[in-house]
Protein chains: 2
Amino acid sequence: MNKINVGLLGCGTIGTGVAKILIENKDLLLSRVGAVLNLKYVADIDLETERGISFDDGVFISDAYKVVDDPDIDIVVEMIGGEGIAKDLILRAFDNGKPVVTANKALLAGHGNTLFRTAMENNVDLAFEASVGGCMPIIKSLRESLVGNHIRSMAGILNGTCNYILSRSAEDGSSFEDVLAEAQKNGFAEADPTLDIEGIDTAHKLAILTSLAYGMEINFKDIYIEGISKITPMDIEFAREFGYRIKLLAITKDMGNAVEARVHPTMIPFTNPLSGVNGVLNAVTITGDAVGDMMLYGYGAGMMPTASAVVGDIVDIARNLLSNAKNRIPVLSYQMDRIRKIPVRRIDEIFIHYYFRFSALDRPGVLSKISGILGDNEISIKSVQQKGRKTNGAVPIVMLTHLAGEANVQKALTEILNLDVVSDRPVLIRIEDENQKD
Amino acid sequence: MNKINVGLLGCGTIGTGVAKILIENKDLLLSRVGAVLNLKYVADIDLETERGISFDDGVFISDAYKVVDDPDIDIVVEMIGGEGIAKDLILRAFDNGKPVVTANKALLAGHGNTLFRTAMENNVDLAFEASVGGCMPIIKSLRESLVGNHIRSMAGILNGTCNYILSRSAEDGSSFEDVLAEAQKNGFAEADPTLDIEGIDTAHKLAILTSLAYGMEINFKDIYIEGISKITPMDIEFAREFGYRIKLLAITKDMGNAVEARVHPTMIPFTNPLSGVNGVLNAVTITGDAVGDMMLYGYGAGMMPTASAVVGDIVDIARNLLSNAKNRIPVLSYQMDRIRKIPVRRIDEIFIHYYFRFSALDRPGVLSKISGILGDNEISIKSVQQKGRKTNGAVPIVMLTHLAGEANVQKALTEILNLDVVSDRPVLIRIEDENQKD
C-alpha cells in the first residue's frame, strides 16, 4: 500500500485548508507516513467560488455520495458541518467500511453516541481532534497521553468569538454590543452569532470532552448553558478590582457518582493561567490524579490551525491502515463495554462561590434587608462593596460569597428582586477560585 | 492477548510513580486498553528503601538483566537514567525484540542516533515522551498531531530548577546564589545543580525536540549552551523596565539549509506567553506553517506528572502490541530513509537583538567611545539608558540593539572591555522579541 486515497466532503474554510496542506505539504507527509496521501476527491455543492487551489481534472466534484461509495477511497474527511447530510454521509462511509475524520462538534454533541457505536460495530476509526480547540491536541491528550489518569476536572476557553468580545471589553471598557458589531465587521464573529455568544458552541465541545474524560455517553442536553450577552463592562471592572477576570468557561468536574458539566461566564483569579488567555485564543486546563495541572493553548479556530488538526487525524488513520491496525484505539479510548451513563448534576445542585451585583435604592437599611435574605438562605457573604453613592438613586451593591448552593441562591435572588428598594434583576456571576476553599 | 507484562528497570522517584499508577489505576487502564497491564518485575539495586508500594512476591528483584531477558516481558520501562547500564539494557531489550519506554534525555541526547536506528532495525518501538517536559505531550504533538506542519520554530522553558530561580529573583530581587541555596533546601534543586543551572539538561531536551521537529539526526554537541549562573537581579530589573522577562530558553529555528539550536538566558516581552510561566512550571511554544503558534504548559518534572507521561507511552505500545502494529510510527515520525543530517548554526553565525550592560567610569566621552566601537562593528543601538550617576565611580550603561550579528558583537565587546574606562566584562543577554522586526 503506497497510496492512501482521501475523499474530502465539503470545501468551505476548513476543507480548503485541509486540501491545501495535503497538496502543498505532500512530500512532508510522504516522508512521515511512507505512503502518498492522495486527495482523490473534493466534493462540494459550490464548484464556482475560487479556493486558490488548482485541483487535477476530476477531483473537484459535486456528488458527495460518489466519494463515500467509491471503493478506492480509504479515508473520508467530513467538513460539511451541520447535522443533516453530514450525518448521513458519515454513516454511509461506516457502512462501506471507511474510516472518517470530522470536525463537526454539533453533530457529535447531538448524535455522538450513535456515531461512536456505529464506528466500533463496523470496526472503522472515527477521528475528531479538530472538533474541539482547533489546533490544540486536547482530544489526543485525553485519548492517549493522559490515559493513566483519572481526570478530576477540566476548564476551557473554547470559543474565540466570546473570548475576543470579553477580552476587548476588559481592555477598553467597550460594551458587549459594540465589540460584537466590531467583531462581525472584522470576521471574528458570524452574522448570526447566537451559537457562539449564547454558549452553545462551547457546550457542544464540552459534551465531547466530558465524554472522553470519563468514558461516558455524550450527554449534551443536560449541560447547563449561559452565554455572555448579559456581561457588562461594569461587572468586568468590578471583577478586576476583586482580582478576577471574566471568561466564558466550559467546566467539567468528576463528583464521584456524577459529573458537573456547565458553560457560563466565570470569574477566575489572575493567578489562573486561563485568565491571561486573550483575543481569539483558546486554552484548556486539565487536572488529573497523576498529571496535576496542565494546559494546552492555541488557536481554537481558523482555516489553517483547524486544518492542521484534521491532517493529524488523517495521518493517524493512514498509519493505522498501513499497519492493518484499524480501531487500534476505541473511539472514546474506553473499551465499548466500559462506556457508562453518568448523570450530569443539575445547575441547582452545585455549590460554588458567587459574585452578585444589586441595583438598590440608596436608603438606610437596604443592605440589611438584602443580607438578611441571603443569610436566611444560608448564603454567607465574604465581602461587600457599595460602589459610588447617589442620593435617592440606584447604586450598585457588589458582593462575593463563601461557598453556597445554587438552589438557595436562585431562591434568595428572587426574594431580593421582590424588595421594593431593588430596581433591577440582580446580576449573578459564578466564581471558580482555586485559592478560596470555603 | 489479555495481559501485557511490563518490566520496570529502576525504582527511583519516577520509577516509583510509574509502579504506583500501574497498580493503583489498574482497572482504569484495563478499561482503556482492554488487557491487564501487569507489572511483572521491578528491578533496582536498592531493595531496602521504602517506596510505599507493596509488590507481590517475586516482583521486586535486583537483577535488571533477568527482566530484559525474560521471554514473558512484553514492554521494558527504563527508569535508571544515565548513559551506562541503561544503554546496555535498552540495546539488549531491542535485541530480544522488546519495545522500550524511557525518560532518559541524557542518553537520548548522547546516543539517540544509535538507539533510534537499532529500534527500527529490530522493528520494536522506542517511546520517550517523559524525556522532555514531564507531563506535557510535546513529543506526541510533534510525532503525531502536528505531522502536517513544517515546524518553523520552537521555544521552551524546559528546566524547572532554572525557572524557579529566575522567577524567584524576578519576584523579590534575591540573588542567584541565595535562591539556589533555598531551592536546594526545598528539594527544587539537586545537591549538584550543574546539569540544570548550566543549561545542559535543557540542551539534552532541545536536542531531542530539534531532531523530532525537522527529522534530523540528534546533534547535541553542536547546541550552544549558556546557563543562568551569571544572571543578576540588576539585569532582571533592567529587563523589566524595558518590558522583558529573562527566562532560560531552549530555542530552535528552521533556517532553510540549517537550523538554529541554542540554550541561553533570553529576554522575552511580557506579551510572549512564556513570560508568564513561573516557578517550577515548564512550557513550550511551537510555530508551524499551518498551526500558527501553540503552547503546551505543565509540570516538567516531579514523580507523578512524569510517571503520567511514561504510562501514556506504555499504553501506546500496549495498543500497538494488541493490534499487532509494532513500529506503527517511526521513532522520529519520519521514515528512516528521510532522516537527514542538518547542520546546526554556530552561535557566531546568528543574528538577533541584544541587551548589553557596561560598567563604565562616569566620565565625559565614555558613551561616545562605546557607541563608536559598536558602530564600527555594524551594531546599531535602539536605546541607551545610563542608570544612576556616580562621580568618578562605575555606573551601569544599558543598551538594546537592533538586529546584529553575534560574531560582530563578540568582537565589539572584547574591544570595549579593553577601554580603560570600562571596568568589568560587559553583560550580554540575547533578546527574542517577536514584536521587533529590525
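**Two chains around a rotation axis**

Of the residues of chain B, Leu296(B) comes closest to the rotation axis, with its C-alpha atom at 2.4 Å. This axis is a good place to start a tour of the structure, which is a predicted model. A turn of 180°, combined with a shift of 0.0 Å along the axis, lays chain B on chain A with an RMSD of 0.0 Å. The two copies are thus related as by a two-fold rotation axis.

The interface between the chains comes next. Chain B brings 51 residues to the contact, and chain A brings 51 residues as well. On the side of chain B that touches chain A, the elements that give two or more residues are α2 (26-33), α6 (138-145), β12 (292-299) and α12 (303-322). Of these, α12(B) gives the most, with ten residues. Sorted by class, this side of chain B holds 25 nonpolar, 18 polar and eight charged residues. Of the interface residues of chain B, 100% are also interface residues in chain A, so the copies meet through the same surface.

Strand pairing also crosses from one chain to the other. Strand β12 of chain A, residues 292-299, pairs with β12(B) in the antiparallel sense, and five bridges join the two. In one of these bridges, Met294(A) has Gly298(B) as its partner in β12(B).

Turning to a single copy, chain A contains 14 helices and 17 strands. Along the principal axes, its C-alpha atoms fill a box of roughly 80 × 45 × 35 Å. A compact globule of 438 residues would have a radius of gyration near 22 Å, and the 24 Å of chain A agrees with this. Buried residues account for 51% of the 438 residues in chain A. Contacts that reach far along the sequence are well represented: among those in chain A between residues at least 6 apart in sequence, 74% join residues at least 24 apart.

Chain A is divided into three parts: domain 1 (3-135 + 303-338), domain 2 (148-299) and domain 3 (349-431). Taken over C-alpha atoms, the centres of domain 1 and domain 2 of chain A are separated by 28 Å. Where these two domains of chain A meet, 17 residues of domain 1 are in contact with 17 residues of domain 2. Helix α5 of chain A, residues 105-121, supplies the largest share of the domain 1 side, namely seven residues. By class, that side of domain 1 of chain A has eight nonpolar, seven polar and two charged residues.

A last feature to look for is a sheet in chain B. Strands of a sheet pair through backbone hydrogen bonds, either parallel or antiparallel. This open sheet of chain B has six strands in the order β3-β2-β1-β4-β5-β6, with parallel pairing. At its edges stand β3 (60-61) and β6 (126-127) of chain B, each with a single partner strand, so one side of each is left without a neighbour in the sheet. The partner of β6(B) can be followed in detail: strand β5 of chain B, residues 100-102, runs parallel to β6(B) and is joined to it by two bridges. In one of them, Val100(B) has Leu126(B) of β6(B) as its bridge partner.

Conventions. Residues numbered from 1 in each chain as written. Chains lettered and ligands numbered in written order. Predicted model: local features only at pLDDT ≥ 70, side-chain atom pairs only at ≥ 80, totals over all residues. Pairing = 2+ DSSP bridges. Helix = DSSP H or I, 4+ residues; strand = E, 2+ residues; numbered from the N terminus. Rg over C-alpha atoms; globule rule 2.2 N^0.38 Å. Buried ≥ 20, exposed ≤ 12 C-beta atoms within 10 Å, placed from the backbone. Contact = placed C-beta atoms within 7 Å. Domains from an automatic or database assignment. Nonpolar A, V, L, I, M, F, W, Y, C, P; charged D, E, K, R; others polar. Least-squares fit on C-alpha atoms with pLDDT ≥ 70 in both.
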